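Q: Could you walk me through the aromatic residues in this one? I'm new to it.
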Amino acid sequence: MPENLAVVILNWNGKNWLEKFLPDVVRFSQNADIYVIDNLSNDDSIDFIEHQFPTVKIIRNDKNYGFAGGYNEGLKEIKNEYYCLLNSDVEVTENWINPVMDLFEKDASIAAIQPKVLAFNNKKSFEFAGAAGGMIDNLGYPYCRGRIFDSLEEDHGQYDDETEIFWASGCCFFIRSRDFWAQNGFDERFFAHQEEIDLCWRLINSGKKIFYTGKSKIYHVGGGTLNKQSAQKTYLNMRNNLSMMVKNLPFPQLIAVITSRLVLDGFAGIYFGIKNGFAHFWAVLKAHFAFYGQLPVTWKLRQKNQKNDFYQSKWLIFKHFLGGK
């Protein structure tokens with residue numbers, strides 16, 4: 001296990017998760033540097049780390065910058081060649097690091113890697129945030145091998161491979177530090193949700209590769225910071241997904257995709273409102289107004305190069321909800 005890896009956990013009032021999962025991170029990451037970046041917590045999680053895990057290094061942010069900004073701020077102080085950005089609600093396993101580092105060493109064009117992400121509360125099932133590697137369809141809808149929208153597969157070894165993917169999950173996100181900073185890190189405007197997809201897309205547009213390895217596995221609780229049914233999560237996902245496409249899609253495809261999504265998101269807002277309550281309908285509406293407000297800045301952040309063959313599936317939303325795929 002290389003000494004040039006930093007395992008970095010972002011914390012905000014997460015003492016309960018640190019108590020539960022930090023012991024195994026320390027146990028199974030012996031030769032890595034372990035950091036906790038704290039987003040100005042007001043619980044006693046920092047005191048807990050200092051007293052129980054004195055070898056863990058603590059970086060204190062001066063406010064809650066969210067996921068994207070929190071990592072950007074804290075990682076400025078970490079000089080390791082590789083980062084592993086690890087959610088506090090993740091259980092790691094023995095030998096979870098070596099397969100990832102072996103992949104990095106085999107191919108210098110690989111910028112980011114994720115392991116197999118299984119559900120902590122149902123360890124036979126893939127977990128929503130990443131599963132067996134992230135993909136995207138032609139309308140910009142993210143999905144995973146092992147997870148399409150809310151439908152999850154059980155793990156029967158069908159994704160024990162090592163393969164190129166489109167995006168790596170932010171719950172356990174390995175990346176070369178030089179590639180992270182070459183892209184100026186995460187887009188801090190995203191605050192949380194889909195910032196890792198945006199970063200991976202920018203990396204791909206710059207000629208880098210994103211990979212998955214089924215030889216490494218972790219278990220993710222999910223919803224540890226923001227509940228899956230949170231209207232705020234709906235808002236962030238909708239807003240950030242639209243901004244991500246403006247930044248990364250080739251122009252001819254961008255017009256067609258954004259036009260289609262404006263219509264489809266209207267139907268999605270009605271669906272979410274019926275399924276989860278009016279707050280979710282309002283979250284979709286707010287997301288679109290926020291997207292329009294950010295558009296001038298987003299346009300300036302468009303990538304110089306965009307790949308035309310960005311997607312792995314077509315019309316996923318129709319195949320899934322109408323065709324039962």
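A: Phe272 is a good place to begin: with a relative accessible area of 24%, it is partly exposed, a label for values between buried (under 20%) and exposed (over 50%), using a 1.4 Å probe and protein chains only. This is a predicted model, where local features need pLDDT of at least 70, side-chain atom pairs count only at pLDDT 80 or more, and totals for chains, interfaces and linings use all residues. Residues are numbered from 1 along each chain as its sequence is written, and side-chain values use heavy atoms, with hydrogens and water left out.

Q: OK, how many aromatic pairs does a search of the whole structure find?
A: The search finds 24 aromatic pairs, where rings of Phe, Tyr and Trp (its six-membered ring) pair if their centres lie within 6.5 Å, and planes under 30 degrees apart count as stacked, over 60 as edge-to-face and the rest as tilted.

Q: Why is the pair of Trp201 and Phe310 stacked?
A: The ring centres of Trp201 and Phe310 are 5.4 Å apart and their planes stand at 20°, so the pair counts as stacked.

Q: And are those two buried or exposed?
A: Trp201 is buried, at 0% relative accessible area, and Phe310 is buried as well, at 3%.

Q: Back to Phe272, what about its ring and that of Tyr271?
A: Their centres are 5.8 Å apart and their planes at 55°, so this pair is tilted; Tyr271 is partly exposed, at 41% relative accessibility.

Q: Switching topic, which residue lies over the face of Phe128?
A: Arg147 does, at 4.0 Å from the ring centre; the criterion is NZ of Lys or CZ of Arg within 6 Å of the ring centre and within 35 degrees of the ring normal.
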